[in-house]
Amino acid sequence: MKSLTESWYHGTEDSREIERAGFSSSRTKRLDYMTDPIRHKEIVAKLPELRESENWDEYHRLLDEVGSLKEYYTYKTPTFLSDKHSVAKTYADLKRAFDYQNATPKVYEVDVKCNKIAKIFAIGDRFRAINTDKVREGFIDAGVERDEIDKLLSMFNYYYSDSSKIKTDMSAAIGNWLGFDCI
């Protein structure tokens, strides 16, 4: 097993759930993706024309086809870490907590052991939406073929209006799909 750095940190606005379940929580996330992103784009491009021409039968047929292209992927909820205590501390903020009056913010130091690692250098990006090229390059540097990561980016990021960005959860799902245990 490989250790990424000496110390990793996780900041949370409310540590009560972690204290109850620990970091090995079995919570999962479920995301939808497009099985055929190329066909999805073709359909989406046709829909405005069909609305304009009021060809409702074809319009609804294509909407049904889009629905049939959607599937769901379930993966273990990731724990987001930073190698900088100061960054983790920004997440340990009561203002971010749903139940801010009873929340207990905390920064945890976490020992990280990984078998398969992808490093995404996203300095300067917002956590919620990382530059897609940076995500692509991180996975390519970790040994994923360009065609494979491009297909997965299209499958999981199909709905995001700014294709130059990808949500962090989508990056985690792609990493899980590819068998990475640390990203």
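Here are three short exercises on this predicted model, each with a worked solution.

**Exercise 1.** Work out which residues of helix H3 are buried, and where they sit around the axis.

*Solution.* Start with the helix itself: H3 covers residues 56–69 and reaches 20 Å from its first C-alpha to its last, close to the 20 Å expected at 1.5 Å a residue. Next, pick out the buried positions, which are Tyr59, Leu62, Val66 and Leu69. These cover an arc of only 80° around the axis, so they lie on the same side of H3. Now turn to the face pointing away from that buried side, where you will find the exposed residues Asp57, Asp64 and Ser68. Finally, look for the packing partners of the buried residues: strand E2 (28–34), helix H2 (37–53) and strand E3 (70–76).

**Exercise 2.** Decide how Arg27 should be classed by accessibility, and find its contacts beyond four places in sequence.

*Solution.* First locate Arg27, in the loop between helix H1 (16–21) and E2. Its relative accessibility is 44%, and because that falls between the 20% and 50% cut-offs, Arg27 counts as partly exposed. Then list the contacts: Glu17, Lys76 and Thr77. For Lys76, 49 residues away along the chain, the C-alpha separation from Arg27 is 6.0 Å.

**Exercise 3.** Determine the handedness of the disulfide between Cys114 and Cys182.

*Solution.* Check the pair first: the sulfur atoms of Cys114 and Cys182 are 1.7 Å apart. The torsion about their S-S bond is about -70°, so the disulfide is left-handed. Cys114 lies in the loop between strands E4 and E5 and Cys182 in the segment after helix H7, so the pair ties together parts 68 residues apart in sequence. Both Cys114 and Cys182 are buried.

Notes:
Residues are numbered from 1 along each chain as its sequence is written. This is a predicted model: local features need pLDDT of at least 70, side-chain atom pairs count only at pLDDT 80 or more; totals for chains, interfaces and linings use all residues. Side-chain values use heavy atoms; hydrogens and water are left out. Helices (H or I, at least four residues) and strands (E, at least two) are DSSP runs, numbered from the N terminus. The expected span of a helix is 1.5 Å times one less than its number of residues. Buried means under 20% relative accessible area, exposed over 50%, partly exposed in between (1.4 Å probe, protein chains only). The arc is that of the directions from the helix axis to the C-beta atoms. Contact means heavy atoms within 4.5 Å. A disulfide is a pair of cysteine sulfur atoms within 2.5 Å.
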